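Dear colleague,

I am handing over the structure shown below, and I would be grateful if you could read these notes beside it. They begin with the overall make-up and then turn to particular places in the chain.

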Amino acid sequence: MMGWYGGGMGGGAWIFMGLFWIILIAAIIWLLVRLLPSSSHSGATTPAPHQVAGQESALDILDRRFASGELDLETYQAQRAALFAARGGR
């Protein structure tokens, strides 16, 4: 017959085309999940009400300074008590 140039795609070509599209769509979804920020993937915790996201609270800074040896025990305890008093005992 005129105009017929073969039987079209065989069964293997259909399978390959289907797998190609499945892999392509899965790769796009994977990239979106990896690139978009998410609190569950970043390990970020919800900040306390007195704390701004991405910044340390005053208590965290005080604890870090005591742990690094910048403050002695008496100064640490006095400043910690002052922080709790300023927050209303929380």
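Helices here are DSSP runs of H or I with at least four residues, strands are DSSP runs of E with at least two, and both are numbered from the N terminus. By that reckoning the protein, which is a predicted model, has four helices and zero strands, and its elements follow one another from the N terminus as α-α-α-α. Of its 90 residues, 6% count as buried.

Helix H4, residues 73–86, offers a simple check of geometry. The expected span of a helix is 1.5 Å times one less than its number of residues, so the 14 residues of H4 should cover 20 Å, and the C-alpha atoms at its ends are indeed 20 Å apart, which agrees. Just after H4, Gly-88 adopts a positive phi of about 85 degrees.

The next matter is how H4 packs with the helix H3. Two packed helices are described by the angle between their axes and by the distance between those axes. For H3 (residues 58–68) and H4 the angle is about 175 degrees, and the axes lie 11 Å apart. Because angles over 145 degrees count as roughly antiparallel, H3 is roughly antiparallel to H4.

Which residues in H3 meet which in H4? On the H3 side they are Ala-58, Leu-59, Leu-62, Asp-63 and Phe-66, while on the H4 side they are Leu-73, Tyr-76, Gln-79, Arg-80, Leu-83 and Phe-84. The residues of this contact of H3 with H4 divide into eight nonpolar, one polar and two charged.

Within that contact, Leu-59, which has its place in helix H3, deserves a separate look. With a relative accessible area of 15%, Leu-59 is buried, since the cut-off for that class is under 20%. Leaving aside residues up to four places away in sequence, Leu-59 touches Arg-80, Leu-83, Phe-84 and Arg-87. Of these, Phe-84 is 25 residues from Leu-59 in sequence, and the two are 9.0 Å apart in space, C-alpha to C-alpha.

Finally, the structure holds two aromatic pairs. In one of them Phe-20 and Trp-21 are arranged edge-to-face, with 5.3 Å from centre to centre and 75 degrees between the planes. Phe-20 is partly exposed, at a relative accessible area of 43%, and Trp-21 is likewise partly exposed, at 47%. In the other pair, the ring centres of Phe-66 and Tyr-76 are 4.2 Å apart and their planes stand at 20 degrees, so this pair is stacked, given that planes under 30 degrees apart count as such. The pair links distant parts of the chain, with Phe-66 in helix H3 and Tyr-76 in helix H4, 10 residues apart. Is each of these two residues buried or exposed, or something in between? Phe-66 counts as partly exposed at 30% relative accessibility, whereas Tyr-76, at 13%, counts as buried.

With kind regards

Note on methods:
Residues are numbered from 1 along each chain as its sequence is written. This is a predicted model: local features need pLDDT of at least 70, side-chain atom pairs count only at pLDDT 80 or more; totals for chains, interfaces and linings use all residues. Side-chain values use heavy atoms; hydrogens and water are left out. Axes are lines fitted to C-alpha atoms, for helices over the stretch in contact, and angles run from 0 to 180 degrees between N-to-C directions. Angles under 35 degrees count as roughly parallel, over 145 as roughly antiparallel, 65 to 115 as roughly perpendicular and the rest as oblique. Contact means heavy atoms within 4.5 Å. Ala, Val, Leu, Ile, Met, Phe, Trp, Tyr, Cys and Pro count as nonpolar, Asp, Glu, Lys and Arg as charged, and the others, Gly among them, as polar. Rings of Phe, Tyr and Trp (its six-membered ring) pair if their centres lie within 6.5 Å; planes under 30 degrees apart count as stacked, over 60 as edge-to-face and the rest as tilted. Buried means under 20% relative accessible area, exposed over 50%, partly exposed in between (1.4 Å probe, protein chains only).
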